[in-house]
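Colleague: Can you walk me through the pockets in this one, and tell me what backs each label?

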Amino acid sequence: MKLGLAEMLLGRDPVKAAATLEQLKGDADEALETLRDLARGIYPPLLADKGLVVALQSQARKATVPVTVEAEGVERYPQDIEATVYFCVLEALQNVQKYASATAVVVRLRDDEGALHFEVADDGRGFDTATVRKGAGLTNMSDRVDALAGAVEVTSRAGGGTRIRGSVPVPAAVVAA
Ligand SMILES: Nc1ncnc2c1ncn2[C@@H]1O[C@H](COP(=O)(O)OP(=O)(O)OP(=O)(O)O)[C@@H](O)[C@H]1O
Ligand SMILES: [Mg+2]
């Protein structure tokens with residue numbers, strides 16, 4: 001997205017184009033670092049230290065679309081639960097930035113009745129869930145959530161935005177602790 005923007009600005013506003021390129025250098029460095037960490041099997045440090053809300057707020061700030069994070073009763077969970085919700089929300093946010101042409105996105109997290117619920121809703125162009133060709137994003141989301149006996153659902157229609165809603169059960173032992 002930002003590369004496209006820089007390309008477009010090049011002729012019209014070279015100063016702004018330079019600023020965008022400067023940002024991209026930082027983004028590329030960070031992406032490379034994340035990739036190296038993941039390749040070495042390193043879990044996202046902020047997620048490990050501070051949990052879902054802080055880690056997702058930090059990712060939200062880097063998005064090309066304004067993202068609001070709302071959390072209700074969300075605390076700390078076992079690593080597999082936090083990783084699943086984190087990566088599902090990130091995939092959904094990637095998709096919003098790539099395809100939705102949205103003006104806003106809301107990420108909601110809620111701990112309720114033995115389950116951790118997550119939702120990513122955008123006001124963009126939407127798509128036909130019946131005919132779309134699923135890529136790694138939507139496929140990984142359902143695989144991860146299935147592995148924890150949770151559920152995830154995509155609601156979208158042309159012109160009406162997209163909403164991803166999922167939940168994963170939180171074991172009672174964790175709640176007690
Ligand atoms: N928020 C959204 N708004 C509009 N279209 C979307 C949105 N999310 C997904 N899509 C559509 O659903 C398709 C499948 O998404 P998915 O994440 O599974 O694959 P991808 O993004 O195409 O590829 P990958 O995730 O492997 O990079 C996308 O190509 C896009 O057409
Ligand atoms: Mg995707």
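Colleague: Which residues lie nearest the centre of the second largest pocket?

Modeller: This is a predicted model, and in it Asn95, Tyr99, Phe127, Leu138 and Thr162 lie nearest that centre, out of 21 lining residues.

Colleague: What makes a residue count as lining there?

Modeller: A lining residue has an atom within 4 Å of a pocket point, so the 21 residues that line the second largest pocket each pass that cut-off. The volume comes to about 340 Å³.

Colleague: Which element gives the most to that lining?

Modeller: Helix 5, with 5 residues. Strand 3 (115-122), helix 6 and strand 5 (162-169) each supply at least two as well.

Colleague: How do you know how many of those lining residues are nonpolar?

Modeller: Tyr and Phe count as nonpolar, and Asn and Thr as polar. Sorted by class, the lining has 12 nonpolar, 5 polar and 4 charged residues.

Colleague: And what volume does the largest pocket have?

Modeller: About 1,200 Å³. Of its 35 lining residues, Glu30, Thr34, Gln59, Lys62 and Gln94 are the closest to the centre. Glu and Lys count as charged, so Glu30 and Lys62 fall in that class. The whole lining has 19 nonpolar, 7 polar and 9 charged residues.

Colleague: Which helix provides the largest share of that lining?

Modeller: Helix 2, with 10 residues. The elements giving two or more residues also include helix 1 (2-12), helix 3 (45-50) and helix 4 (52-61).

Notes:
Residues are numbered from 1 along each chain as its sequence is written. Chains are lettered from A and ligands numbered from 1 in the order in which they are written. This is a predicted model: local features need pLDDT of at least 70, side-chain atom pairs count only at pLDDT 80 or more; totals for chains, interfaces and linings use all residues. Side-chain values use heavy atoms; hydrogens and water are left out. On a 1 Å grid over the protein atoms alone, a cavity is a set of points where a 1.4 Å probe fits but cannot get out, and a pocket is an open set with protein on both sides within 12 Å along at least five of seven lines; lining residues have an atom within 4 Å of a point. Grid points are joined across faces, edges and corners, and a volume is the space filled by probe spheres set on the points. Helices (H or I, at least four residues) and strands (E, at least two) are DSSP runs, numbered from the N terminus.
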